[in-house]
Amino acid sequence: MTKVRSSAAQAVADIVRDGMTLAVGGFGLSGIPAELIEAVRDSGAKGLTVVSNNMGIDGKGLGVLIEAGQVAKVIASYVGENKLFAEQYLAGLLEVEFTPQGTLAERLRAGGSGIPAFYTKTGVGTLVAEGKPHEEFDGETYVLERAITADLALVHAHTADTDGNLIYRYTARNFNPVVATAGRVTIAEAEVIVEPGRLDPNHIVTPGVFVQRLIQATARVKDIEQRTVRTRPEHLTFAVPA
């Protein structure tokens, strides 16, 4: 049976439901599964728990789910670019579980590897560790962190084959691989889809066994959270030697 679906809406139609846990790949607005996120928004599902490095920005990325009032809880390492999210959090409209970035990646990796929990030094002595079991190893204190397994994982890949094998590019390789393994169901969008056997096995990052559905990503402008470049002043323009 083919894993390729005709659209993002079709890919999520019989899976997305109220109250589910959603893990989403990407870093900022880089390498995010934008079409799949929009399909979740259009589904109207409410009370979602979203696990992601961050929540995008207002009106972009996962910010569209915040705007639609579909998110009940966020598990993330950073949310500072989204003003509406901050407003909803301060108003008590959604719950936030802050997790150090490396710990978040490891919780997702553990979830995809069948490891229920692990100990880490990160966060010991801070609010992150409050209420969690502690243990001492070799004279050092560690805190227990639970793995994350999501009902649905959404990822963006650069290249895929129709069997669901995925190759990522640049920043998209940051959180997408661990998110892909952490979903009970994983849906990927890919910029390029080829027939089986066309990918070099040495380049495949996520094996197709982790991916249940796949869609063709449409070309779109890659959004940037904050532009930090400016026109170079004339006195700083350098001539290129002939």
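**Entry 1: the end of α2**

I began just after α2, where G44 takes a positive phi of about 80°. The model is predicted, and I read every value below with that in mind. The helix itself spans 34-43. I then asked which residues of α2 are buried. They are A34, E35, L36, I37, A39 and V40. I noted that E35, a charged residue, is on that list.

E38 also lies in α2. I looked up its accessibility and found a relative accessible area of 27%. Buried requires under 20% and exposed over 50%, so E38 counts as partly exposed. I also took one distance from E38. Its C-alpha atom is separated from that of A11 by 12 Å, with the two positions 27 residues apart along the chain counted as their spacing.

**Entry 2: the largest pocket**

Next I turned to the largest pocket. It holds about 600 Å³ of space. I counted 30 residues in its lining. Which of them lie nearest the centre? I found L29, G31, I32, H156 and K222 there.

I sorted the lining by element. α2, β8 (150-161) and β10 (183-194) each supply at least two residues. Which element gives the largest share? It is α2, with 5 residues. The helix of my first entry thus returns here as a part of the pocket wall.

I then sorted the lining by class. It has 12 nonpolar, 8 polar and 10 charged residues.

**Entry 3: A157 in β8**

I stayed with β8 and picked A157, which is placed in that strand. Is A157 buried or exposed? Its relative accessible area is 0%, so A157 is buried.

I listed its contacts, leaving out residues up to four places away in sequence. A157 touches L166, I167 and Y168. It also touches E189, A190 and E191. L166 and I167 make up β9 (166-167), while E189, A190 and E191 fall within β10 (183-194).

I added one spacing. A157 and A172 are 15 residues apart in sequence, and their C-alpha atoms are 7.0 Å apart in space.

**Entry 4: positive phi outside glycine**

G44 is a glycine, and I wanted cases that are not. D138 is one: its phi is positive, about 50°. I placed D138 in the loop between β6 (134-137) and β7 (140-146). Its relative accessibility is 83%, over the 50% cut-off, so D138 counts as exposed.

Y170 is another residue other than glycine with a positive phi, near 55°. Where does Y170 sit? I found it in the loop between β9 (166-167) and α6 (176-182). Y170 is exposed, with a relative accessible area of 69%.

**Entry 5: the whole chain**

I closed with totals. The secondary structure comes to 6 helices and 11 strands. The radius of gyration is 20 Å, close to the 18 Å that the globule rule gives for 242 residues, so the chain is as compact as a globular protein of that length. Along the principal axes, the C-alpha atoms fill a box of roughly 60 × 60 × 40 Å.

I checked burial too. Of the 242 residues, 45% count as buried. The accessible surface comes to about 12,800 Å², and 52% of that belongs to carbon and sulfur atoms.

Last, I looked at contacts between residues at least 6 apart in sequence. Among these, 71% join residues at least 24 apart.

Conventions: Residues numbered from 1 in each chain as written. Predicted model: local features only at pLDDT ≥ 70, side-chain atom pairs only at ≥ 80, totals over all residues. Heavy atoms only, no water. 1 Å grid on protein atoms, 1.4 Å probe; cavity = no way out; pocket = protein on both sides within 12 Å on 5 of 7 lines; lining within 4 Å. Points joined across faces, edges and corners; volume = space filled by probe spheres on them. Helix = DSSP H or I, 4+ residues; strand = E, 2+ residues; numbered from the N terminus. Buried < 20%, exposed > 50% of the residue type's maximum accessible area, 1.4 Å probe, protein only. Rg over C-alpha atoms; globule rule 2.2 N^0.38 Å. Contact = heavy atoms within 4.5 Å. Areas by Shrake-Rupley, 256 points an atom, 1.4 Å probe, with all protein chains shown as cover.
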